[in-house]
Amino acid sequence: MSRLGFLLRRSVFAVVAAVGVLTVVFLLVTVPENPNVAKVKFAAAMAGNDPQAAAEAYRATHNLDRSLWWRWTHWMGNVLRFRWGVSQSMGAPVVAVLARATPYTLGYLVPGVW
């Protein structure tokens with residue numbers, strides 16, 4: 001068994017495993033009904049508007065009316081391009097939040113590995 005063949009098989013396995021894990025995460029988050037739709041319906045009903053129309057508008061705005069395949073490919077593309085959105089708790093882009101936290105994480109991780 002050559003070293004190049006071994007590395008190639010391991011790399012292919014790593015890519016397939018990563019896509020599998022990301023797909024499972026996507027399905028766990030996407031398949032259940034979005035809880036914000038219920039909030040939008042409630043807010044529209046309290047304001048005297050049509051809750052169904054408000055829910056449909058919310059779904060269209062957030063691409064929830066698109067096919068599952070379209071949403072998966074769009075989501076996977078954003079993951080690969082590091083377009084992870086805005087943190088709801090910090091109000092900043094997720095990539096920026098992770099960039100700020102990475103040095104502290106490495107500060108604990110690196111000494112622990114040695």
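In the predicted model, helices α2 and α3 are oblique to each other. Their axes cross at roughly 140° and come within 8 Å, α2 comprising residues 35-46 and α3 residues 51-61. The angle is therefore classed as oblique and not as roughly antiparallel, a term kept for values over 145 degrees. The crossing in which α2 passes α3 is right-handed. On the α2 side, the contact is formed by Asn 36, Val 37, Val 40, Lys 41, Ala 44 and Ala 45, which meet Pro 51, Gln 52, Ala 54, Ala 55, Tyr 58 and Arg 59 of α3. Classified by residue type, this contact between α2 and α3 contains eight nonpolar, two polar and two charged residues.

A second packed pair is formed by helix α1 (residues 3-30) and helix α4 (residues 68-80), whose axes lie 11 Å apart at an angle of about 125°. This angle makes α1 oblique to α4. As α1 passes α4, the crossing is right-handed. From α1, the residues Val 19, Leu 22, Thr 23, Val 25, Phe 26, Leu 27 and Thr 30 meet Leu 68, Arg 71, Trp 72, Trp 75, Met 76 and Val 79 of α4. The contact of α1 with α4 comprises 10 nonpolar, two polar and one charged residues.

Helix α5 was examined for its length and its bend. Spanning residues 94-113, α5 has 20 residues and, at 1.5 Å a residue, should extend over 28 Å; the separation of 26 Å between its end C-alpha atoms agrees with this expectation. Within α5, a kink of about 35° is located at Ala 101, shortly before the proline Pro 103.

Conventions: Residues are numbered from 1 along each chain as its sequence is written. This is a predicted model: local features need pLDDT of at least 70, side-chain atom pairs count only at pLDDT 80 or more; totals for chains, interfaces and linings use all residues. Side-chain values use heavy atoms; hydrogens and water are left out. Axes are lines fitted to C-alpha atoms, for helices over the stretch in contact, and angles run from 0 to 180 degrees between N-to-C directions. Helices (H or I, at least four residues) and strands (E, at least two) are DSSP runs, numbered from the N terminus. Angles under 35 degrees count as roughly parallel, over 145 as roughly antiparallel, 65 to 115 as roughly perpendicular and the rest as oblique. A crossing is left-handed if the near helix is turned anticlockwise from the far one by less than a right angle, and right-handed if clockwise. Contact means heavy atoms within 4.5 Å. Ala, Val, Leu, Ile, Met, Phe, Trp, Tyr, Cys and Pro count as nonpolar, Asp, Glu, Lys and Arg as charged, and the others, Gly among them, as polar. The expected span of a helix is 1.5 Å times one less than its number of residues. The bend at a residue is the angle between axes fitted to the seven residues ending there and the seven starting there.
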